[in-house]
Amino acid sequence: MTMYGYVSGYYRDKFIKDPDFERHATVLLGSGISIENCFADRFSHTNKERYKLHKFFACVAKEGDILFVPDLTDLYSNVRELCCLMHIVERTGVVIKSSDMDLSDDSDSSNWILASQLAHLDYLDYLHQKCVIKAIKKAKYQSSLNVGGRNKRVITPIYRQAYSYLQTHTYTATELKFHLSKSTLYRIKQQINNKKQPINTTQS
């Protein structure tokens, strides 16, 4: 079992001022953890990736190791990152400790753990809803297409030319000239003729 430390935040960024980073770093350095086992991610106004944290979990962390953070928000910035973090912590077996709570089974941090689990469930529900909406839009779009991918309701200029040519020529001749099948010519003729028919609202 090895003790590690981690801190993140904005540090001397000309756009974003965040004095909490220096305060958290002071707490981390005063925790007694060896400086070689301390990691820090410095954010900028265009980049908030936690490269050192990802490297720690991927290459350094072992089951039973302890990761100390001055504040739990050093580990995540939003619900998505929190959910990912909970999966990583569960998979690696690392124990997270902070200056005010210990995320172990016998700790008093049940509220934070419960919040994390609820956040995870909320994110899963969000992904499910997003998937359903995407599937509905795709199905609606696909329903307006034929096998060849062209919208069935659209009469293109070529279709109109074929229809005009068909008025004075046979289906076979029109097929050869415009390279359209008879079924397509039937459909074009039916669509155009239906549009030309007046709507009769009178009753006999």
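Visitor: How many aromatic pairs does the structure hold?
Guide: The model is a predicted one. It holds seven aromatic pairs.

Visitor: Why is the pair of Tyr-4 and Phe-39 called tilted?
Guide: Start with the ring centres, which are 6.3 Å apart. Rings pair if their centres lie within 6.5 Å, so these two qualify. Next, the planes stand at 40°. Under 30 degrees would count as stacked, and over 60 as edge-to-face. The angle of 40° fits neither, so the pair is tilted.

Visitor: What makes this pair a link between distant parts of the chain?
Guide: Tyr-4 sits in strand 1 and Phe-39 in strand 2. They are 35 residues apart.

Visitor: In what order do the strands of the sheet stand?
Guide: The order is 2-1-3-4, in an open sheet of four strands with parallel pairing. On average, neighbouring strands are turned by 25° against each other, direction ignored.

Visitor: Why do strand 2 and strand 4 stand at the edges?
Guide: Strand 2 (38-43) and strand 4 (95-98) each have a single partner strand, so one side of each lacks a neighbour in the sheet.

Visitor: How do you know that strand 3 and strand 4 pair?
Guide: Pairing needs at least two bridges. Strand 3 (residues 66-69) and strand 4 share four bridges, in the parallel sense. Phe-68 stands opposite Lys-97 in strand 4.

Visitor: Which strands does helix 2 lie across?
Guide: Helix 2 (residues 51-60) lies across strand 1, strand 2, strand 3 and strand 4. Helix 1 (residues 20-29) lies across strand 1, strand 2 and strand 3. Helix 1 runs at about 170° to strand 1.

Visitor: Why is helix 5 called roughly antiparallel to helix 6?
Guide: Their axes cross at roughly 150° and come within 9 Å. Angles over 145 degrees count as roughly antiparallel. That is why helix 5 gets this name relative to helix 6. The crossing is right-handed.

Visitor: What kinds of residues make the contact of helix 5 with helix 6?
Guide: Seven are nonpolar, two polar and one charged. Helix 5 brings residues including Ile-158 and Tyr-165. Helix 6 brings Lys-177 and Phe-178, among others.

Methods
Residues are numbered from 1 along each chain as its sequence is written. This is a predicted model: local features need pLDDT of at least 70, side-chain atom pairs count only at pLDDT 80 or more; totals for chains, interfaces and linings use all residues. Side-chain values use heavy atoms; hydrogens and water are left out. Helices (H or I, at least four residues) and strands (E, at least two) are DSSP runs, numbered from the N terminus. Axes are lines fitted to C-alpha atoms, for helices over the stretch in contact, and angles run from 0 to 180 degrees between N-to-C directions. Contact means heavy atoms within 4.5 Å. Angles under 35 degrees count as roughly parallel, over 145 as roughly antiparallel, 65 to 115 as roughly perpendicular and the rest as oblique. A crossing is left-handed if the near helix is turned anticlockwise from the far one by less than a right angle, and right-handed if clockwise. Ala, Val, Leu, Ile, Met, Phe, Trp, Tyr, Cys and Pro count as nonpolar, Asp, Glu, Lys and Arg as charged, and the others, Gly among them, as polar. Rings of Phe, Tyr and Trp (its six-membered ring) pair if their centres lie within 6.5 Å; planes under 30 degrees apart count as stacked, over 60 as edge-to-face and the rest as tilted.
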